[in-house]
Amino acid sequence: LPADRRAGVLDGCEQLSAAALKRAPALAEAMILSAAVSARRADPIGAGASLDRSRAAFPRDVWSAEARVRIAALLPDPGGAGVGPDLDLLVAHWRGRPVLAALYRDRTGLRGPILEAVRRADPVEARRALNLIEAEEGDT
């Protein structure tokens, strides 16, 4: 998108998330949208605050964890966005492991934090995650 259209879309998304959070302060999708807007605007402080708010409200929701990690990957220091607990959840969940493997392949800035999460995981879950990571690496 051209820069002016992109700015307009981000403004609209920001207004939508603000209105939704005003009506329903615990709406997961609005928290995620707010974080995404901040990340796309290169505002790591705003994105981090929204990610933290989402993580506090939905610490064990795999969909939210996946979205938070994908948004953190847009930031200059994705590992500094507090993604450790989200990565731990993705390693431990059958739906999260393929996402983790794809992020490992596509987002080099997340490789260190992903490997740390795998090291912290239960050995069986860690092996499952590593198998998927190795398969993704073989596909490139």
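Asp52, Arg55, Arg68 and Asp86 are linked in a network of salt bridges, a salt bridge being a side-chain nitrogen of Lys or Arg within 4 Å of a carboxyl oxygen of Asp or Glu. The model is predicted, with local features needing pLDDT of at least 70 and side-chain atom pairs counting only at pLDDT 80 or more, while totals for chains, interfaces and linings use all residues. Residues are numbered from 1 along each chain as its sequence is written, and side-chain values use heavy atoms, leaving out hydrogens and water.

The structure holds eleven salt bridges, among them these three:

| Pair | Closest N to O distance |
|---|---|
| Arginine 55 and aspartate 86 | 2.9 Å |
| Arginine 70 and glutamate 66 | 3.2 Å |
| Glutamate 136 and arginine 105 | 2.1 Å |

Arginine 55 lies in helix α3 (residues 44-57) and aspartate 86 in helix α5 (residues 84-92), so this pair ties together parts that are 31 residues apart in sequence. Buried means under 20% relative accessible area, exposed over 50% and partly exposed in between, with a 1.4 Å probe and protein chains only; arginine 55 is buried at 10%, and aspartate 86 is buried at 0%. Arginine 70 and glutamate 66 are four residues apart in helix α4 (residues 62-72), separated by about one helical turn; arginine 70 is partly exposed at 39%, whereas glutamate 66 is buried at 17%.

The protein chain as a whole has eight helices and zero strands, helices being DSSP runs (H or I) of at least four residues and strands runs (E) of at least two, numbered from the N terminus. Of its 140 residues, 40% count as buried.
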